[in-house]
Every structure is written in C-alpha cells, then in structure tokens.
Amino acid sequence: MTHRLPVKNRSVLGVLALSAFGLIFSGVVSAAEVNVYSARKEALIKPLLDRFTEETGIDVNLITGKADALLKRLEVEGDATPADLFVTVDAGRLHRAKMAAVLQPVSSEVLTQRVPQHLKDAEHYWYGLSQRARTIFYNKDKVTPADLSTYEALSDPRWKGKICMRSSSNIYNQSLVASLIDATGEQSTEQWVKGLVANFAKPPAGGDTDQLLAVAAGVCELTLANTYYFGRMLGSSDAKYQAATKKIGVFWPNQAEGQRGVHVNVSGAGLTKYARHVAEATLLMEYMVSDEAQVWYAETNNEYPVVDGVERSDVLSKLGSFRADPIALNRLGENNRAAVELMDRAGWK
Ligand code: FE
C-alpha cells in the first residue's frame, strides 16, 4: 500500500480514498463496523481483517466456528443475526448457504471484474476468495507418474487395495463427485465410485492429512487430498511431516489434450440476507480480492489466489502448475444431493 493516511486523519475523514482497490468510498464514519462469521480459523484470516481496519477505519468483529455450525447459527438467528458476512470453505457449502436463504446477492463492479466467472455464484450470492485443487498424491516408492492419468482411471482394478480415501460425508469428496457427474453423467459416475470403493485399502477414516500420512507410511499407494494440506506439511517444521513429504509425489490428473483438468474448489464469502452493514461488508469482500489481500490470504492458507495474475506462494510453486477444470462451481452445489446419494448407493462410507 503506497498512499496510507495517517491514523488521526482517517478517523475524522468522511471520505476515504482506498488506493488499494481504486475506490472512493463515501460516508465512512469512525463507528463503522462489519461483523463476520468465519469457518476459517482466526489465525488464517484475522491479520487480513486487521489490515482492512487499518486501511479503512472500519472495525471488524470476527466470530469463528465450524462451517456447518455457523450456517446453522445463521439459520436459527434469522433476521436477528449480527452477521454481515459469512466466510466458509467449499462451493458446495456456499451453495448450501444460498439455498438456506441466509445470503443475499452483492452487486459490485470490483467483485465482478476480479473474481473469474466460474469461481463465483452465477447470481452473485457468493464469491470465491481462494482456490485449492483436489488432486492425486502418491507414494513415490510404489507409484510413478506414468502409472497415473485421470480421476476416472482410479477405479481400475489395478489399484485394488491401494487407495486411501476420506469419508463420503466430507464435502470435498462430495464436490469432486459432483464435478464428475457434470463431466460424465450420473450413471457413469456411480460406476466409477463403485470401482473406486472396491480399490480402498481400508474403510475411510480421518481427514486429508491422515490420508497423506497413510500414503507416506505405505498403508496405501495413493489418495486424493486438497493441495493446502500438503502445502501445510511442506511448510511445517514438524519432523514427522517433513519426512512424509519426502515420500509423497503430487500428480495433476486429467491434463491431456481434450481432458477437463484438475478439480478445483474455493473458499469464499457471501453477504448475509439480514446484513446491517451492507456497504462495509461489500467493501471488505472487495478488499479481500485486492492484490495485497490475495497474496497474503492465499499464502497464509497455502492456497491459490482467485484473481488472475496474483503470484503464488513459494511452497505452492514447488508443486508445479496445472490446468484446472473450468466448471462453474455452482454446479458442485447443484449436483451435491445426487453426489451424496450415489456415493451412498455405491458403498462409500
Ligand atoms: Fe480443509
């Protein structure tokens, strides 16, 4: 940030020039505030909110919690909710919030221009703030990249007893399956899930990190995990994680000509239906897609920025680059029920 106003001037100014995102925002008084419900842990978002306060004079009150509990809370509180902004992870969950009628659309030139079309709700109920890919991680002693190609190929019997996978109750796997429904149809996706489940090394248990550790330990040969879990291990000073990362390779599936690309998803935010601080909440969302915020937020969370041209962290650069599935992420939410039902029928615990 180059043109920062001295603190004592900012609090008395009625009009603030926000050079970071080229906006003139009028009428901000020192009592301005915005209330945020965040499914992201405090350390992964608070410094950014503090920075926003520093730049705008708008106070941010942060309440963190589990994604599903916060959504429930918004529903229960109804028009009495203090929340203006809901920050959560996975387009499937953002879609649930939209369907639960706790959000309202935001029209913002900045958000329209900076967040790519497929990473936001088509009706503007939510916007992606950072991206993650759900890709293949394999044990380098047992698998070579030449053995791998697509998500679809993971149902091949050659992988029998060799795949570790998180439970189907997890939204990440539901969204991945939702993307396959979009790409290949429901019937073919159900066949795929059946084949995949038949290849499980053990019943699903634990989170993405547990699957990665199991791959490193040779309990299984490969898994699907979100990139930031591996990024977090790479950046960790814990010897257990350091040792594990040396055993694990990353593979980007569906990259060949004519194939759709790697499954990506977002963390994102939406304005609550009963927000009392609409202008401030919108300004905060706009701040979060500024270059400065995108760099910090993506790097701190080991994620990819959503805004084109914003640099990736060193840790993620080590993973190499990939072509992402350009599916409109709305579809993940819209296909969620079909995904959950077919995973259930196919025996994915
Ligand atoms: Fe996660």
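The largest pocket of this structure, which is a predicted model, holds about 640 Å³ of space. Its lining is made up of 21 residues, and those that lie nearest the centre of the pocket are A39, K41, V89, Y172 and Y229. Two elements give two or more residues to this lining, namely α3 (67-77) and α9 (227-235), and the largest share, 3 residues, comes from α9. Sorted by class, the lining of the largest pocket has 7 nonpolar, 6 polar and 8 charged residues.

From the open pocket the reader can turn to the enclosed spaces. Rolling a probe the size of a water molecule over the atoms shows where empty space is left. In this model the count comes to 2 cavities of 30 Å³ or more, and the second largest cavity has a volume of about 40 Å³. Around the second largest cavity stand D90, R132, A133, R134, Y172, N226, H263, V264 and N265, with β7 (127-139) and β11 (263-272) each supplying at least two residues of the lining. By class, the lining of this second largest cavity has 3 nonpolar, 3 polar and 3 charged residues. Y172 deserves a second look, since this residue is listed among those nearest the centre of the largest pocket and also belongs to the lining of the second largest cavity.

Y172 also leads on to the helices, for its number falls within helix α6, which covers residues 171-184 and packs against helix α7 (residues 186-198) at an angle of about 135°, with the two axes 7 Å apart. Because of that angle, α6 counts as oblique to α7, and the crossing of the two helices is right-handed. Where they meet, α6 contributes L176, V177, L180, I181 and T184, while α7 contributes E186, S188, T189, W192 and V193. By class, this contact of α6 with α7 has 6 nonpolar, 3 polar and 1 charged residues.

A further helix pair is found later in the chain, where helix α8 (residues 208-217) and helix α10 (residues 239-247) have axes that come within 8 Å and cross at roughly 65°. The crossing of α8 and α10 is left-handed, whereas that of α6 and α7 is right-handed. The contact between α8 and α10 is made by T209, L213 and A216 on the α8 side and by K240, Y241, A244 and K247 on the α10 side, and its residues divide into 4 nonpolar, 1 polar and 2 charged.

How values were computed: Residues are numbered from 1 along each chain as its sequence is written. This is a predicted model: local features need pLDDT of at least 70, side-chain atom pairs count only at pLDDT 80 or more; totals for chains, interfaces and linings use all residues. Side-chain values use heavy atoms; hydrogens and water are left out. Axes are lines fitted to C-alpha atoms, for helices over the stretch in contact, and angles run from 0 to 180 degrees between N-to-C directions. Helices (H or I, at least four residues) and strands (E, at least two) are DSSP runs, numbered from the N terminus. Angles under 35 degrees count as roughly parallel, over 145 as roughly antiparallel, 65 to 115 as roughly perpendicular and the rest as oblique. A crossing is left-handed if the near helix is turned anticlockwise from the far one by less than a right angle, and right-handed if clockwise. Contact means heavy atoms within 4.5 Å. Ala, Val, Leu, Ile, Met, Phe, Trp, Tyr, Cys and Pro count as nonpolar, Asp, Glu, Lys and Arg as charged, and the others, Gly among them, as polar. On a 1 Å grid over the protein atoms alone, a cavity is a set of points where a 1.4 Å probe fits but cannot get out, and a pocket is an open set with protein on both sides within 12 Å along at least five of seven lines; lining residues have an atom within 4 Å of a point. Grid points are joined across faces, edges and corners, and a volume is the space filled by probe spheres set on the points.
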